[in-house]
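Notebook open, model loaded. I want the overall build first, then the charges and a few residues.

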Amino acid sequence: MPRPAGALLALPLLLAGCFAPSGEQSADGGQRLALALAFPPVAALSPFSDDAVLLTRMGVGETLVGLDEAGQPVPLLAESWSRVDDRTVTLDLRGDVPFHDGTPLDAQAVVGALTAAAAAAPAPRAIDGLGLTARAVDEDTVEVRVAEPNPLLVHRLAAPGLVVLAPSAYADPAAPDPVGAGTGPFELTELRGASGATLTADADHWAGAPELAGVDVTFPADAAARTAGLRAGELDVAVNLPIAQLPTLTGTEVLSVPLPRLVSLSLDTADGPFADPGLRAAAVAAIDPQPVVDAVYEGRADVAEGLFADDTAGGLDRPAVTLPPAADPAGASIRLATYSDRPELPEAAAVLAEQLRQAGFTVEVVVAEYATLETDLLAGTYDAVLASRLYLGDTGDPVGYLAADLTCEGSCNLARLCDPAVDAAVAEAATLADPEERRAAALRIEAPVLSTGAVVPVLHERTHTGYAPTVSGLVVDPFDRLLLGTETTVEE
């Protein structure tokens, strides 16, 4: 829904030249916006990677459907849809939508995009393992089918990994190139590795010409750099600002949005000290989230009572968690990893590490950028991982999060949990058609998951985006994957 929306003292000088000047005019006299995003691309903005959300946040790529604030599908590139049976939907495409390279959005282009996504290894999380196929019914109608009944098939088509790009983008089907190939309000005209990107307004966008002439994007993983750039007037908008820096941003607006985002500590259940359930129970007993919320997040977060925030739980009672008896850590050595792209995580890791030390563990903390850590995090290189996860992000459905993060074959299973009872419960929940029933089932699964000690919930986050007073029209998105739209503008 569109609406107006501690650094070193020498840092602003060091940043000179790193960002486009704030509110700079383009050659045709239109205003350009200088934007800093937190996560550098790890795969040249391929939608079949974690870069997908960068495409949607920049307004470059669009999916067939979107999600409203309640997580229900709304029209985007598809104007309407209908369910044929429990495995099949047809979608009627919006007319007169051009890709940025000038080719038209039609059924064949959509089929090509979805087919490439389904064939990717791994496929985007929202459709991984579904056996998704697509065919053109006619020029403007697409049929999408999966191998097994799936009540949330339309919801899945809203995932950022399923942005529809022009046929020209798929020269390498495994790594689509979005330069000049999206349908969003802004065309990606240049990508400069992991350092920056240039966007140009698409005057022919189906929702109307953007107010901005373009956007200059940088990807500084260092939160202090983003804050300093905003404070110095070199940036118009900067995301994921450090909470500790918010009071120092005088003359700057801050948009804070509660998110279905969990910060949790995942313990490696497959190998190392935490393969022992008793040591996992000892770690769970040692963790106290309150000091993290109070000291690191300065009260701008909520202690996590479980995997899901109260809004997702819907007022339902949480079943009791029963852990095995705690074992004596006896100096057991563990490596705890987190990433610096989210500025509070390293500080939170330091607090939790000290709590674990007090309980008898020997703890080494490893901090690096997410792009550097990602492969090792998923491979189980570390004994514990402190991470932030948007658990309704792909489909607006908590069952999908449980499947991806906490089942044997889950693609984001940092705890490497493989519990047949959890897998069976998730599989059963996945068959439910009613969204409220699915959320209730997810809440019931929460207790067995937490009873394994594989995941220690810490807190539920809010996102903090800073912007200059001259900026208006930022998109407020509770799923944290949209930011720029046609109404986003910078006053002269």
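**Overall build**

I started with burial: of the 492 residues in the protein, 57% are buried. I should keep in mind that this is a predicted model.

Next I went through the secondary structure and got 13 helices and 21 strands. The radius of gyration is 22 Å, close to the 23 Å from the globule rule for 492 residues, so the protein is as compact as a globular protein of that length. I also took the spans of the C-alpha trace along its principal axes, and they are about 65 × 60 × 40 Å.

Then the surface. I have about 18,800 Å² of accessible area for the protein, and carbon and sulfur atoms hold 52% of it.

**Charges**

How far apart are the mean positions of the positive and negative charges? I find 4 Å between them, with 27 positive and 70 negative charges in the protein.

I looked for a negative patch on the surface and noted one formed by Asp92, Asp138, Glu139 and Asp140. From that patch I picked aspartate 140, which sits in the loop between strand S7 (133–138) and strand S8 (141–145). Its relative accessibility is 38%, so I put aspartate 140 down as partly exposed.

**Salt bridges**

My count of salt bridges is 15. I went through some of them by hand.

The first one I opened pairs arginine 125 with aspartate 50, side chain to side chain, at 3.3 Å from N to O. Arginine 125 is in the loop between helix H3 (107–119) and S7, and aspartate 50 is in the loop between strand S2 (32–36) and helix H2 (52–57), so this pair ties together parts that are 75 residues apart in sequence. Are the two partners buried or exposed? Arginine 125 has a relative accessible area of 30%, which makes it partly exposed. Aspartate 50, at 31% relative accessibility, is also partly exposed.

I moved on to arginine 94 and glutamate 79, whose side chains meet in a salt bridge at 4.0 Å, N to O. Within 4 Å is what the definition asks for, so I kept the pair in my notes. Arginine 94 lies in the loop between strand S6 (88–93) and H3, glutamate 79 in strand S5 (residues 78–85), so parts 15 residues apart in sequence are tied together here. With 16% relative accessibility, arginine 94 counts as buried. Glutamate 79 is partly exposed, its relative accessible area being 43%.

Then I checked aspartate 405, which forms a salt bridge with arginine 389; their closest N and O atoms are 2.8 Å apart. Aspartate 405 belongs to helix H11 (residues 398–406) and arginine 389 to strand S17 (residues 384–390), so the pair links parts 16 residues apart in sequence. I have both aspartate 405 and arginine 389 down as buried.

I also noted a network: Arg57, Arg261 and Asp480 are joined by salt bridges that share partners.

**A proline on a loop**

Last stop, proline 104. I found proline 104 in the loop between S6 and H3, the loop where I had placed arginine 94. Buried or exposed, I wondered of proline 104? It has 51% relative accessibility, so I count proline 104 as exposed, given that the cut-off is over 50%.

Which distance separates the C-alpha atoms of proline 104 and proline 167? I get 9.9 Å, for two residues that are 63 apart along the chain.

Note on methods: Residues are numbered from 1 along each chain as its sequence is written. This is a predicted model: local features need pLDDT of at least 70, side-chain atom pairs count only at pLDDT 80 or more; totals for chains, interfaces and linings use all residues. Side-chain values use heavy atoms; hydrogens and water are left out. Patches are made of residues with over 30% relative accessible area and no salt bridge: like charges are joined within 9 Å, nonpolar side chains (Val, Leu, Ile, Met, Phe, Trp, Tyr) within 5 Å. Accessible areas come from the Shrake-Rupley method with a 1.4 Å probe; for residues, only the protein chains shown count as cover. Lys and Arg count as positive and Asp and Glu as negative; His and the chain ends are not counted. The place of a charge is taken as NZ of Lys, CZ of Arg, CG of Asp or CD of Glu. Helices (H or I, at least four residues) and strands (E, at least two) are DSSP runs, numbered from the N terminus. Buried means under 20% relative accessible area, exposed over 50%, partly exposed in between (1.4 Å probe, protein chains only). The radius of gyration is taken over C-alpha atoms; the globule rule is 2.2 Å times the number of residues to the power 0.38.
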